[in-house]
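Student: I have a new model open and want to learn how to read it. Can we go through it feature by feature?

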Amino acid sequence: MELTQLLQPLAASPQTIAALVVLLLPLFGFLVLLPFGRLLPRHGDWLGIALTAGAFILSGWLFTETWNVTTFHSRTTWFSMPGSSLTDFTLGILLDNLTVLMLVIVTFISLLVQLFSVGYMHADKGYSRYFAFLGLFTFSMLGIVLVDNLLLLFMFWELVGLSSYLLIGFWFHKPAAVAANKKAFLFNRVGDIGLLLGLFAFYTYYRTFDLETLRTLVGSGTWESGSFIVTYTLKGQPWLVEIGPTFLTLAGLGLFMGCVGKSAQFPLQVWLPDAMQGPTPVSALIHAATMVAAGVYLVARCYAFFTPDALVVIALVGALTALVGALVALTQNDIKAVLAFSTISQLGYMVMGMGTGAHDAALFHLATHAFFKAALFLNSGIIIHAMHRGLHHHHLHLNAQDIRNMGGLRKALPLTFYTYVVATAALVGLPLFSGFLSKDAILSGSWAWAQTMGGGAYFTVPLIGFTVVLLTAFYMARHMWFIFFGEFRAPFSVQDLRLKASQEVERVMLWPVVVLAILSLGIFFSLNPLSFSSSWLLQGIALEKLGGTAILSGRLLDAVKLQDEANHTLHLVFGILSTLLGVAGISWAILKYRNRPEAQLLHEGPQHAAGRLSQRHFYLNEFYAKAFVQPALVLARTLYRNDKRVIDYALNNGSKALVIIAKIMAWFDRWVVDGLVWLVGVLSKLAGRLGQGLQNGKVQSYYAYSLFGFILLMLYIILF
Amino acid sequence: MNDFILSSLIFTPLLAALLVLLLPVRLQHTIKAVALAGTVVQMGLAILLYFGFDGTVLANGQQGYQFVEKLNWIGFTLGSLGRFQIDYFLGVDGISISMVLLTGIVGVIGVISSWTITKNVKGYFLLYLLLLTSVMGCFLALDFFLFYLFFEFMLLPMYFLIGIWGGPKREYAAIKFFIYTLVGSLFILLVMIGLYTSVIDPQATAVQMGFAEQGAEAGKAVVTQVQQMLQRNAISSYNLVRTFSIPAMMEPANFIPNSLLHVLSGSVLWDLPLRFIAFLLLFAGFAIKVPSVPVHTWLPDAHVEAPTPISVLLAAILLKVGGYGLIRIVYPIFPDAGAYFAVLVGGLGVLSIIYGALNALAMSDLKKLIAYSSVSHMGFVLLGLASLTVEGVNGAVYMMFSHGIISAMLFLVVGVIYDRAHDRMIQNFRGLAHMMPVYTVFVVIAFFASLGLPGFSGFIAELLVLVGGFGAPEATGLLPRWLTVVAVFGLLLAAAYYLWALQRMFFGKYWIFPELREKATLTDLTTREYLMLVPLALLALLFGIFPHLLLDKIGLTVTGFTELVLQRGQEQLGLILSTLR
């Protein structure tokens, strides 16, 4: 294969140009709204919404053009450096089933969130800045899904990090918000370091970042005596690449590190709960539905590059994350914290699905999760908004986000309650709801994977998966119980939470939630809402539809697939089992809290060590502060002291020593060298004085001196 | 025009300086206008040169220079010692073109930033323009003597600019800067003299031997003949023409047999071949200028004391002379030692990246933080260069350009708050975003550009350096992979110190140290400040999104450079090591 041939420019098509327009519309919004938004009527919210709506409509058209029809790919040279070992750096847009699915999801949820924000952010000082930032985010997120190469993906990846930073710290007067956005960016950077190193590893051997070319190259590789061999030609020169299995696994795990950071996987997940400091619609869009799912998308895009060993690590990380997230969610009291940890847990599910070969199931869960989690977050926004209104009205300074201060809200906010119930049912995975389909797909996939891998310890992964179903059901039921059931625990009438006596909440906030809740029903994803295998979505994102047939773990995945098909009857068992676990979790929570008096619920807190461990997120934040942050700062100060007290000290004292030596030299010069000269002068002066006396002009004296001298001379000759 | 464009680039500021000299002291506005006009013309010429420069000409440091100007400057014959020749020799290739463009742009920005100078305006702009002349001279000279002249001359205006217009500890900082750099240039001088005794100009020697009428007529065949005769000791010492020409020094065939620095001379000092010692001396000289850890401590002091525009010049272009010297002089003349000491150079680069970044994390003075971030970023130049991969060296040059743009922006941004509050300690401010929102936007842009956000030029530079360094074990075998892996953590640290500074100084509730409250008037950006920050931000974006604008100009030169240095390096290293056995 000639590499330059594989990287040839591909002409633009109307579809890819449309995709480019979809990408640039939100950017345009950002560029207009940030400097000029305040000057526009309504501070320009309509512009942001209109642009996103345009992007959504175009995305819909692209969906119909692409989904299960064909793929579109346009590519052009970005920049190049001459050299026999280099290829051109390319830019391109790739439209396939996965891309258009993501396009529709991102633009749709972004649109709903912006509509919701019109009500939620109403009269905020930074209203136009908010819509500008959302535009920047939408642009970056669309970039991630549209581009055809890993370098560009990384660039948009970082831009998503920037927009997340800006939006978490949107209320920059809140110290907690600016601490949280720094933390989010830094934890993401830790993951990005791994991602970058992974990119370098692939580039070093395959000389390009282009995804399709990389897939072709990896697909053409063979295993010979323990190393992976790929041959190709580059500008006519033959290249033979020989990579050891460890390096290959590490390179894949490098890429996966990016996912660990962005998708809040263990052990980097600690930034996500803090990110809830941002406005709630932002949490819905970025930290639940889209951005955090980008990591899963990345793993899907790079699926060809993971070795079976790398997949084991991915599966374990995913399972661990799912478990940790669920365990911590059990004891949280902040309405958004519960949802945040639940997001971590669900992202863990997706990653676990990726690791266990259920590539399509993981993406399916990404899609369903985007809707029901966005619904939950927007709903919580409504509740927080209402709580603020009530507390403000009664001049109370209670925490508006603490579920212990709520209770009985279903009487005042019935529509919110019903939509919350639907979305929660989807999250718990009850039959007929979307989550049931995608979660069961992941569970049965992981079971088949464990069987294929040889059972034993590998069954931990699916077992954790089932445990998490139970935990999820429990914490969501507890969550709902605290919010909607019992008596209202803040000291005023629950009806004061309503916007007006006749209206529960602003319409512009209600409708997005209703739409999202409806889309949490299973029927939209599979005509038979009890069986995931007939889902149109799942079939559309199957690996073979995404150009990924020749992949590193191909043999393993084929075996998993066969095993999964053989497990046909087990699927039914899993469906029933997970439903039972869900029901059990819900019942457990209801039984636990049903008879608690309101006063006790108001002061609910962990009773024992395990509970505290859960509530404090296993003290991970404290651990990172002690293990990394403080040592780094101490090291930094020590090094600065080194600059001052060692390098500069040596320099300053060295120069002082030089000055002292110079002083000594000057003294020597003054007293010794100059002194000698002076001595000579003085001596000759003395001699002169003496001679002066002799020269008195009398011939007799001269004669006497001469005689005296002659005698001395004689004496010298005779004696010596 | 094309024949003298390089000289015009160098001497336009000098001409302006002469005009300034003639103007009476009280005409302050005229003086400023003249300085502005001088730098604007220089920038115009630099942009003309950029567009006129043909990026498709093969160049490798030894040949392929464009817009060449070469005149006999000083020449004398010393009987049996042969003829001594110093040329006025200028030319540009892909590496210098980027530096020339950068100098042109930053020169103008610096004048705009100097507009508020009130103390001895005439003297200030006189020195400022002299500085620009000498920096431009450095980037264009192809004769080592001429280069050294400009290189040394840079010290004088810089010393006074810091020493007179600087902050409270300006004398200490100025003398520290002066002595540090002077020590470095002594090392360079030593090697320069050593090279001068060892290298001949084959063309001029051909003329001396009567093979050609004029140097330019001596074709390739004649040159080769002279070189072969030289290596056979067949040329009478009366006819040897010694030269400072840098391209001539790159050709091992131009070295006089048994001279000190000839590859096969076998001369050894402290168990090291003399060529290695020469490399180390030159490297030390330029590493001080870069600056690399552990010879960097002059930089924070100089920056802290220097007035804003001088900090801008110092960070944006003076530091680049160090990196440029390594690429133009050290590596091509001593490629053998470059290959031999790759781990040392790359290791110092990585050390600078991490050490500088950690130091920046510990700073409470915003300007010092940025000074240390310069140390960190210039470490990437060393790493990219040491890898000797095409990506790495392109990245090193790109980093020098990009750091020039971004560090100028950073120091200007610090100047803004210092102008208003006469203080820039991070802990003395909080929530500045409330008072100065637009300013904060530019701070965020500058910080994110510097921490390598994609879309800004710094990202391309860091990417190329790191990808080159990572691939070095396969491509050139010069650097171990762990070095680059460690360097990548510099990106994390950069994000840490910038975001922490943002958090502490610009976000949160507004608060300012009580003693500052009376003096400080925290107004947002003025038109003059927009005029500096907006173009720089746009340039950082432009070169971040369209890297080909620069890479198309520098690419072929860098490829030629790496091929020449790598190939020669391996050959000559083998020869040198064989003479030792």
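Student: Let me start with burial. What percentage of the 581 residues in chain B is buried?

Tutor: First, remember that this is a predicted model. Burial is a neighbour count: a residue is buried if 20 or more other C-beta atoms lie within 10 Å of its own. In chain B, 62% of the 581 residues are buried. For chain A, 53% of the 720 residues count as buried.

Student: How many helices and strands does chain B have?

Tutor: Chain B has 23 helices and seven strands. The radius of gyration of chain B is 24 Å, close to the 25 Å from the globule rule for 581 residues, so chain B is as compact as a globular protein of that length. The C-alpha trace of chain B spans about 80 × 60 × 40 Å along its principal axes.

Student: And what radius of gyration does chain A have, against a compact globule of 720 residues?

Tutor: Set the computed value beside the rule. A compact globule of 720 residues would come out near 27 Å, but chain A has 38 Å. The C-alpha atoms of chain A fill a box of roughly 150 × 75 × 60 Å. Chain A holds 27 helices and five strands.

Student: Into which domains is chain A divided?

Tutor: Domain 1 covers 307-615 and domain 2 covers 628-690. The C-alpha centres of these two domains of chain A lie 75 Å apart.

Student: Now the interface. How many residues of chain B are in contact with chain A?

Tutor: Contact here rests on C-beta atoms within 7 Å. By that test, 42 residues of chain B are in contact with 38 residues of chain A. Helix 21 of chain B gives the most to the chain B side, with ten residues. By class, that side has 27 nonpolar, twelve polar and three charged residues.

Student: Which residues have the most contacts inside the largest nonpolar core?

Tutor: A core is a network of buried nonpolar residues, linked by C-beta atoms within 7 Å. The largest one has 478 residues, and those with the most contacts inside it are A:Val296, A:Val299, A:Ala374, B:Val100, B:Ala408 and B:Met409. Helix 17 of chain B gives the most to this core, with 20 residues. The core also draws at least three residues from each of domain 1 and domain 2 of chain A.

Student: What does B:Ala408 touch?

Tutor: Leave out residues up to four places away in sequence. B:Ala408 then touches B:Val106, B:Ile109, B:Val312, B:Ala315, B:Ala316 and B:Leu536.

Student: Next, backbone oddities. Where is the cis peptide bond at B:Pro291 placed?

Tutor: Read omega, then find the residue in the fold. The bond joining B:Val290 and B:Pro291 is cis, with omega about -15°. B:Pro291 sits in the loop between helix 11 (274-289) and helix 12 (298-305) of chain B. The bond from B:Val293 to B:Pro294 is cis too, with omega near 10°. B:Pro294 is also in the loop between helix 11 and helix 12 of chain B.

Student: Is B:His422 buried or exposed?

Tutor: B:His422 is exposed, with 10 other C-beta atoms within 10 Å. Check its phi as well: near 55°, a positive value in a residue other than glycine. B:His422 lies in the loop between helix 17 and strand 6 (429-430) of chain B.

Student: Which regions of chain B does UniProt annotate as a domain?

Tutor: Treat such a record as a label to check against the coordinates. The unreviewed UniProt entry lists "NADH:quinone oxidoreductase/Mrp antiporter transmembrane" at residues 141-198 and 272-475 of chain B. In the model, residues 141-198 are 86% helix and 0% strand. Residues 272-475 are 82% helix and 2% strand.

Terms used: Residues are numbered from 1 along each chain as its sequence is written. Chains are lettered from A and ligands numbered from 1 in the order in which they are written. This is a predicted model: local features need pLDDT of at least 70, side-chain atom pairs count only at pLDDT 80 or more; totals for chains, interfaces and linings use all residues. Two residues are in contact if their C-beta atoms, placed from the backbone, lie within 7 Å. Helices (H or I, at least four residues) and strands (E, at least two) are DSSP runs, numbered from the N terminus. Ala, Val, Leu, Ile, Met, Phe, Trp, Tyr, Cys and Pro count as nonpolar, Asp, Glu, Lys and Arg as charged, and the others, Gly among them, as polar. A residue is buried if 20 or more other C-beta atoms lie within 10 Å of its own, exposed if 12 or fewer, and partly exposed in between; C-beta atoms are placed from the backbone. Domain bounds come from an automatic or database domain assignment. The radius of gyration is taken over C-alpha atoms; the globule rule is 2.2 Å times the number of residues to the power 0.38. UniProt positions are given in the numbering used here, feature names are shortened, and annotations may be inferred rather than shown by experiment.
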